[in-house]
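Biologist: Could you take me through the inside of this protein, step by step, so that I can follow the reasoning as well as the answers?

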Amino acid sequence: MAGGLKTLAKETAIYGISSIVGKFLNWLLTPLWSYVLVSQAQMGVISNLYGWTALIIVILTYGMETGLFRFANKNEENPHTVYSTTLISIGTTTLVFLLLVILFLKPITGVTGSPDIKPHYVLIMVIILSMDAFCSIPFAWLRYQKRPLRFAFIKILFVVLNITFNLFFFVLCPWLAKKYPDSFAWFNLENGVDYVLISNLLATFIQSMFLIPQLRVKYTFDKALLKRMLKYSLPLLILGIAGILNQTIDKIVFPWLYPDKANAMTQLGIYSACFKIAVIMVMFTQAFRYAFEPFIFAKNKEAANNKVAYADATKYFILFGLLIFLGVMGYLDVIKFLIKSTYHEGLIVVPIVMMGELFFGIYFNLSLWYKLTDQTKWGAYLSLIGLAVTIGINVAFIPRFGYLACAWASFFANLLMMSISYYLGQKNYPIDYDLKAIGSFFGLALMLFAVMTFSRFVIPAIGLRLIINTLLIGIYLWRVIKKELPLREIPVIGKYFQHK
């Protein structure tokens with residue numbers, strides 16, 4: 001048993017670290033694009049296309065990744081039959097999708113709602129999507145086979161290749177075009193969106209080649225098995241669509257709802273670049289889960305039940321998230337230069353989106369109750385409630401307030417899902433969360449943020465503001481260490497905090 005847990009922990013760490021590293025490296029592309037793309041509208045086009053991509057990939061895989069795990073682990077099923085049946089199913093539907101898009105390319109391009117999106121953009125994205133959808137099954141098979149290192153290697157390889165190709169087109173090619181104008185007459189930065197998509201296409205193709213060994217299987221198709229798998233997986237599709245739309249619907253519908261169509265992609269580009277700064281919250285909170293949560297659970301493993309550990313993990317998650325929020329807002333005068341100054345007018349959305357992402361992280365922690373009580377239907381209900389709020393606010397307020405409505409939609413949707421989940425959780429699986437401590441630190445963080453915001457208006461010197469903000473962050477950190485953080489119990493560094 002101990003060996004199994006050790007293996008599980010090791011695999012979780014590999015998957016988790018590769019995911020965080022991959023997302024961070026991919027995140028670095030946004031600062032690059034903000035400086036090299038010739039207009040904010042091009043950034044808006046990229047954001048819109050990738051918003052559609054996130055939605056369509058969920059539809060194209062229709063929950064079969066989870067279905068593969070479920071049925072391959074059933075004693076009465078042959079795992080190789082499950083895998084080959086899933087491959088054939090996903091391969092067939094993906095091919096049909098690709099052919100339909102090619103046949104109706106122009107009408108489908110019109111669905112995006114923007115004249116800035118050209119048919120060949122859609123075609124390239126659809127080819128990328130088709131490869132990604134099909135490759136999702138070999139990736140799931142690698143996980144089933146407990147091969148985390150190969151899984152992580154291929155995932156990281158894609159990100160590195162994508163960045164490399166972007167650097168080739170946006171850094172090396174401009175230099176070569178100046179030095180050898182005749183040889184690089186084909187290069188034009190006006191085609192920035194093309195270069196972004198081609199980079200993604202090339203990286204995806206090479207990634208697919210590395211998965212060829214996972215396709216060398218004896219292909220058998222079990223129609224009855226597929227029906228059982230679809231019955232299990234299709235409800236997950238509904239949940240997946242609702243979940244992904246909560247994250248991307250604003251980028252998808254913005255061109256339809258913004259009244260100034262000629263300026264819609266410019267506004268979306270500004271919002272998207274600033275949104276990426278706020279996503280720092282997501283990466284840091286994910287890192288927290290992989291680094292600190294295991295310590296919390298280990299610390300409480302001898303408790304009568306795990307509710308103490310769950311309460312502590314949630315409390316420290318919130319305290320850590322608030323620290324990240326204050327850190328980003330305190331040094332926003334420096335962090336903002338990660339993106340070009342032409343995008344800085346959208347920085348007003350950063351605190352709104354960051355706090356919304358913190359609410360979503362808390363909701364994720366609170367979701368434990370419906371998983372442990374086998375009431376997972378509530379996950380779908382809460383996602384649909386959040387989606388309804390997101391769509392409602394975007395439809396009602398984008399025409400008047402532009403991308404500010406997108407930020408507030410995310411904020412209120414996540415706040416509502418968090419609040420409802422807490423209320424229902426306390427009824428079905430009550431956990432004694434330390435609301436007094438959590439509330440006091442929320443209040444302290446918001447007060448310090450208010451002082452930071454006020455100083456931005458009354459203190460013109462950036463250097464002085466940074467000093468003041470550092471002191472304010474220090475006050476928060478000192479309070480956390482003094483009242484809540486068990487530094488003495490953390491391995492390695494704990495010895496430096498022992499009482500003499």
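The questions below deal with the core, the cysteines, one helix, one serine and the cavity of a predicted model.

Biologist: Which helix gives the largest share of the largest nonpolar core?

Modeller: The largest nonpolar core holds 141 residues, and those touching the most other members are Ile277, Leu322, Leu326, Met354, Ile362, Phe442 and Tyr476. The largest share of this core amounts to twelve residues, and it comes from the helix that runs over residues 307-330, namely helix H14.

Biologist: Which residues does Leu326 touch, leaving aside those up to four places away in sequence?

Modeller: Leu326 is among the residues of the largest core that touch the most other members. Once residues up to four places away in sequence are set aside, the residues that Leu326 touches are Ala445, Leu448, Phe449, Met452, Ile473 and Tyr476.

Biologist: How many disulfides are there?

Modeller: A disulfide needs two cysteine sulfur atoms within 2.5 Å of each other. Cys274 is buried, at 0% relative accessibility, and the closest cysteine sulfur to its own, in Cys406, is 12 Å away, so the two are too far apart for a bond. By this rule the count of disulfides is zero.

Biologist: Is Ser455 buried or exposed?

Modeller: Ser455 lies in helix H20, which covers residues 435-458, and, not counting residues up to four places away in sequence, Ser455 touches Arg465 and Asn469. A residue counts as buried when its relative accessible area is under 20%. The relative accessible area of Ser455 is 5%, and therefore Ser455 is buried.

Biologist: How far apart are the end C-alpha atoms of helix H16?

Modeller: Helix H16 takes in residues 349-366, and 16 of its 18 residues are buried. The expected span is 1.5 Å times one less than the number of residues, which for the 18 residues of H16 gives 26 Å. The end C-alpha atoms agree with this expected span, because the distance between them is 26 Å.

Biologist: Which helix supplies the largest share of the lining of the largest cavity?

Modeller: The structure holds one cavity of 30 Å³ or more, and the largest cavity has about 60 Å³ of space. Its lining includes Leu366, Trp369, Tyr422 and Tyr433, and at least two lining residues come from each of helix H17 (368-372) and helix H19 (403-428). The largest share, four residues, comes from helix H19.

Definitions and conventions
Residues are numbered from 1 along each chain as its sequence is written. This is a predicted model: local features need pLDDT of at least 70, side-chain atom pairs count only at pLDDT 80 or more; totals for chains, interfaces and linings use all residues. Side-chain values use heavy atoms; hydrogens and water are left out. A nonpolar core is a set of buried Ala, Val, Leu, Ile, Met, Phe, Trp, Tyr and Cys residues joined through side-chain atoms within 4.5 Å. Buried means under 20% relative accessible area, exposed over 50%, partly exposed in between (1.4 Å probe, protein chains only). Contact means heavy atoms within 4.5 Å. On a 1 Å grid over the protein atoms alone, a cavity is a set of points where a 1.4 Å probe fits but cannot get out, and a pocket is an open set with protein on both sides within 12 Å along at least five of seven lines; lining residues have an atom within 4 Å of a point. Grid points are joined across faces, edges and corners, and a volume is the space filled by probe spheres set on the points.
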